[in-house]
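Reader: Got a minute to go through this one with me? I'd like to start with a strand and work outwards.

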Amino acid sequence: MADADAAGGREAAKGVSWFELAKADTGRIPDHLVEDHYQFLGSEPLDVARYTSPEFFRREIEQMWPHVWQYAAREEELLNPGDSVVYENAGRSYVLVRQADNSVRAFHNVCLHRGRKLRQRNGRLGELRCPYHAFSWNLDGTLKNIPCRWDFTHLKSEEMSLPEAQVGQWGGYVFVKEAEGGPSLEEYLAPIPSHFERWKPEQCFTTKWAGKVIKANWKTCMEAFMEAYHVIATHPQIMPFTADANSKYDLYSDHVNLMITPFGLTSPHVERRVRDEQWVIDQFLKYNGRVVEPGMTIDVEPGETARQAMGKHNRARFGKLYEADLSDATDSEVQDAYTYNVFPNFSPWGGMGPQVVYRWRPWPDHEHTLMEVRLIQRLRPGEEMQPSIPMHFLQEDENWEGYFGQLGAILDQDMGNIPFVQEGMNCSKTGKLQLGNYQEIRIRHFHQTLDRYLER
Ligand SMILES: [Fe+2]
């Protein structure tokens, strides 16, 4: 299919376009969000071996992970000098340490003596000391002490500093990159920093954080959150107030893409002959846990749409919560899902409401993933940043709803598919997967970037 055909097809299928919606909203959507950054990238099937093959996984570990910027922590996990975070992924372990000058360094978390991990958990440190034989390092990674130094005359102190990874910081997030050289974090994340200027993730603190090991490849898990196409079968209860098929998909660079799913508007899949705007809001209040609080009520006023009513309500509610003037926030920014993905495994949501943050890591092999969901919320003016709560590790028999409420109920519906996607791929006869040209473009985009790393 030609590029123009793909674009025409999606316009015909979607009904009301994002552009029309944005024009009807209260408040002016920033121009960069209205622009179309879709690109047709071909329609070839994907090979299931990308998810099922240990050999493919080994190539990811060797060719991809060392060369990408990985979201390793939030700043509030290591607020003070000496605070440390252990970040582990793809065959590496790092200990991130806040320095006296407030910078952050990331050391390979392995004793240079006999190879024990230096740290197994986060915590405040005075030094990095191996529990096995007490080799120790200063917090800047230089060697501090070797017990019975006379027995190691063959080791030069100046050659015994801990190896380091690159560290980058943006928006309250701390990133590591193992390999030396470019691109810089700023180049890698563009245009995210400019998009998030209005949403201020650097002024946010962690309010909720849970993780769970899922029996599926890390990409299988992640891709369940990269399109709104699955709403019709997986989350039918949100269709009255979720314009799933009106979602906008944008590709910005090899590493960054975006899906905007409009809320407060009924899915084009739903017949609405006898329903009114109050019904839309009532369903929204009942089944959304992200921009709705338990017990919230909203009366739609005559002439008002559900989307406008939710916009008005949340502009006031979030403004009060953050003690901030949000009068210029659009209806969209206080209810829509702005799901950004940063290659390979980081998904920060934009918007004025509490921001959702996803991360997926192989845990530890190609058939298991640690999926994390974090919520961050803006501090009030003058409010002091508090240390982050720790991640709540959900056990196999615990569901997400128990921790996140209504938001978790949605995740539990996703989990109802993910392990069975992996099982299905493991026994696939064709060995192929098919993707939609528009709604699943972010998945194809991800795989094309992955191939660039694997083929280098
Ligand atoms: Fe879902």
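Author: Sure. On strand 15, Ala 337, Thr 339 and Asn 341 point one way and Tyr 338, Tyr 340 and Val 342 the other way, and all are buried. Buried here takes 20 or more other C-beta atoms within 10 Å of the residue's own, exposed takes 12 or fewer, and partly exposed is in between, with C-beta atoms placed from the backbone. Strands are DSSP runs of E, at least two residues, and helices are runs of H or I, at least four, both numbered from the N terminus.

Reader: How many residues of strand 15 are buried, and what does that say about the strand?

Author: Six of the six, residues 337-342, so strand 15 is largely enclosed by the rest of the structure. As for the two directions, side chains in a regular strand alternate between the two faces of the sheet.

Reader: Before I forget, what kind of model is this?

Author: This is a predicted model: local features need pLDDT of at least 70, side-chain atom pairs count only at pLDDT 80 or more, and totals for chains, interfaces and linings use all residues. Residues are numbered from 1 along each chain as its sequence is written.

Reader: OK. Which strand is joined to strand 15 by bridges?

Author: Strand 14, residues 256-261, runs antiparallel to strand 15, with six bridges joining them. Val 256 has Val 342 as its bridge partner. Strands count as paired if DSSP finds at least two bridges between them.

Reader: And the open sheet, what's the strand order?

Author: The order is 2-11-10-5-4-3-6, seven strands with antiparallel pairing. At the edges sit strand 2 (70-74) and strand 6 (123-124), each pairing on one side only. Inside that order, five bridges link strand 4 (residues 92-98) to strand 5 (residues 104-108) in the antiparallel sense, and Leu 96 stands opposite Ala 106 of strand 5.

Reader: Switching to domains. Where are the bounds?

Author: Domain 1 is 3-49 + 197-454 and domain 2 is 80-186; such bounds come from an automatic or database domain assignment. Their centres, taken over C-alpha atoms, are 36 Å apart. Five residues from domain 1 and four residues from domain 2 make the contact, where contact means C-beta atoms, placed from the backbone, within 7 Å.

Reader: Any odd backbone spots? Which prolines follow a cis peptide bond?

Author: Pro 191, joined to Ala 190 with omega about 5°, and Pro 364, joined to Trp 363 with omega about 0°. Pro 191 is in the loop between helix 6 (185-189) and helix 7 (192-195), while Pro 364 is in the loop between strand 17 (355-362) and strand 18 (369-378). Most peptide bonds are trans, and most residues other than glycine have a negative phi.

Reader: On phi, what's up with Ala 134 and Cys 148?

Author: Both are positive: near 70° for Ala 134 and near 55° for Cys 148. Ala 134 has 13 C-beta neighbours inside 10 Å, so it counts as partly exposed. Cys 148 has 8 inside 10 Å and therefore counts as exposed.

Reader: Last one: how do helix 10 and helix 11 cross?

Author: At roughly 50°, with the axes of helix 10 (residues 277-287) and helix 11 (residues 306-322) coming within 8 Å. Axes are lines fitted to C-alpha atoms, for helices over the stretch in contact, with angles from 0 to 180 degrees between N-to-C directions. Helix 10 and helix 11 are therefore oblique to each other; under 35 degrees is roughly parallel, over 145 roughly antiparallel, 65 to 115 roughly perpendicular and the rest oblique.

Conventions. Contact = placed C-beta atoms within 7 Å.
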